[in-house]
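This report introduces a structure to a reader who is meeting it here. It takes up the contact between chains and then some of the strands.

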Amino acid sequence: MKILTCPINGSRPVSEFYYWGEIRPMPNPDTCSDDEWAAYVFNRNGAPGVKKEWWCHTASNIWFIAERDTEKDVVLRTYLFEGEI
Amino acid sequence: MPWRLLRFGVAKKHPEPRMFTYHEKLKPSYDVVIIGGGGHGLSSAYYLGKDHGITNVAVLEKGYIGGGNTGRNTTIIRSNYLTPEGVKFYDESVNLWQDLSQDFDLNLFYANRGHFTLAHTDSAMRTMRWRAEVNKHYGVDSEVVGPDFVKREAPMIDLSCGHAPILGALYHAPGSVARHDTVAWGYGRGADMRGAEIHQQTEVLGIDVQSGKVKGVLTSRGYISTNKVICAVAGYTPRILNMVDIKTPIYIHPLQAMVSEPIKAWLNPILVSGSLHIYISQSSRGELVMGASLDPYEVQSTRSTLDFVEGLSSHMLDMFPFLSNVKVMRQWAGMADMTPDFAPIMGKTPVEGFYLDSGWGTWGFKATPVCGKTMSYTVANDTNHPLITGFSLDRFRNYSLTGEKGAASVGH
């Protein structure tokens, strides 16, 4: 069983968590072009690397950030969002 | 016979030819370079030679032939998709499959079994009726059937499925299975006989693009110049696309599968259940070949997990309780290159001479022949084949997606 560490609830089985993908900066919809907006909506960085991702501990609805190596599937650290990513 | 084997072993000249010619060196240039020696890449090489007379072709494979998703899928072939683009495309593929063993002079163990997509809810039944109507409109043999018909074709099934009784199914009589590694070998041998070179253990390290045009490929065994490159690398697609600076919606999740020990033949059709997240068929060797839905988060490796075996086995027992004493023999994972609309991304790209055959997620094996046909046409004529215009990369920028989610796979 894989384990993920929630910053509030500690180490829990990964099946208790929901994955919401890599954190991506949103362009300003009022000023960006249609192409930029479409790129934001659809395009993803599918190559492996250490990525900052949104995860949620579903049992307690805690949203937090995990830094994870997506090739080795190793979580380097998890922390709560505090206004800066 | 041991003596014959011994003589064969010590013979200087082997009397039986190998499947592929071994090439000591890469040539300095090729007309077309294909990255990826899986089914899709090799069938592209095959049809480039067979249909278009282009034989100065290199297929570059980082590992070994068919060692990627070609050898990791659950070998199901069908065409009962949801969108007109999908149905026409996969139907052409099913037609090509029928004659492939003859074409190759190699037994693919192509077995027509019939394919059921089981519905456990009213909304699933509605999707089945929708698919059946789209399929029939395009001449594909597909119909909605009741639980009695399912029970007749698969007598061992428990129709109550624990907590999710089967209300009906979409039945697709042409649904088949084939031995997947032989497909890669057959296409590889056919391409090889027509003059294409297959280079295994050859990794692509970079792609030389000058003023928007492909000029060459840098490999672990040296540089080769070429004006045309086909990228058919499934889960490695984003890494190759970074070399040519093309952005796509492709994201990688593992898809896992497993087989049981071989048992007496008892299951003829292929069964899929979206609600229970399973699909199952029995191979010609008697193993049960089983798969489930995608892993829930991004990973670019092929390790499999215990969670998967536990989850899949539990759902399998809901449907076939009598399997409780059957052992699981092997499990594995493949990297699925997923797209937001569950349709592939194929054809020309913003980089001239760079052709993409990607986004094959969990639905690529059945398309192997038609991908080779259409990609070879696209490369030879530098125009997208009419069957793949609905799968171009532009569709995301234009918000005109090809919504195949309801039919591409299970449990999404």
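Two strands are said to pair if DSSP finds at least two bridges between them. In this predicted model, β19(B) and β20(B) form a hairpin with 5 residues between them, and B:Gly353, which lies in the turn, has a positive phi of about 90°.

Strand β20 of chain B, residues 354-358, has two pairings described here, and they are set out below with one bridge from each.

| Partner of β20(B) | Sense | Bridges | One bridge pair |
|---|---|---|---|
| β13(B), residues 229-231 | parallel | 3 bridges | B:Val229 and B:Phe354 |
| β19(B), residues 345-348 | antiparallel | 4 bridges | B:Ile345 and B:Ser358 |

In a regular strand the side chains alternate between the two faces of the sheet. Both faces of β20(B) are covered, with B:Phe354, B:Leu356 and B:Ser358 buried on one side and B:Tyr355 and B:Asp357 buried on the other, and 5 of the 5 residues of this strand are buried.

Elsewhere in chain B, 3 strands form an open antiparallel sheet in the order β3-β8-β4. β3 (76-77) and β4 (111-112) stand at its edges with a single partner strand each, so one side of each is left without a neighbour in the sheet. β3(B) pairs with β8(B), residues 176-177, over 2 bridges, and B:Ile77 has B:Ser176 as its bridge partner.

Between the chains, 15 residues of chain A are in contact with 22 residues of chain B. Helix α1 of chain A, residues 34-42, gives the most to the side of chain A that touches chain B, with 4 residues, and by class this side has 7 nonpolar, 4 polar and 4 charged residues.

Notes: Residues numbered from 1 in each chain as written. Chains lettered and ligands numbered in written order. Predicted model: local features only at pLDDT ≥ 70, side-chain atom pairs only at ≥ 80, totals over all residues. Contact = placed C-beta atoms within 7 Å. Nonpolar A, V, L, I, M, F, W, Y, C, P; charged D, E, K, R; others polar. Buried ≥ 20, exposed ≤ 12 C-beta atoms within 10 Å, placed from the backbone.
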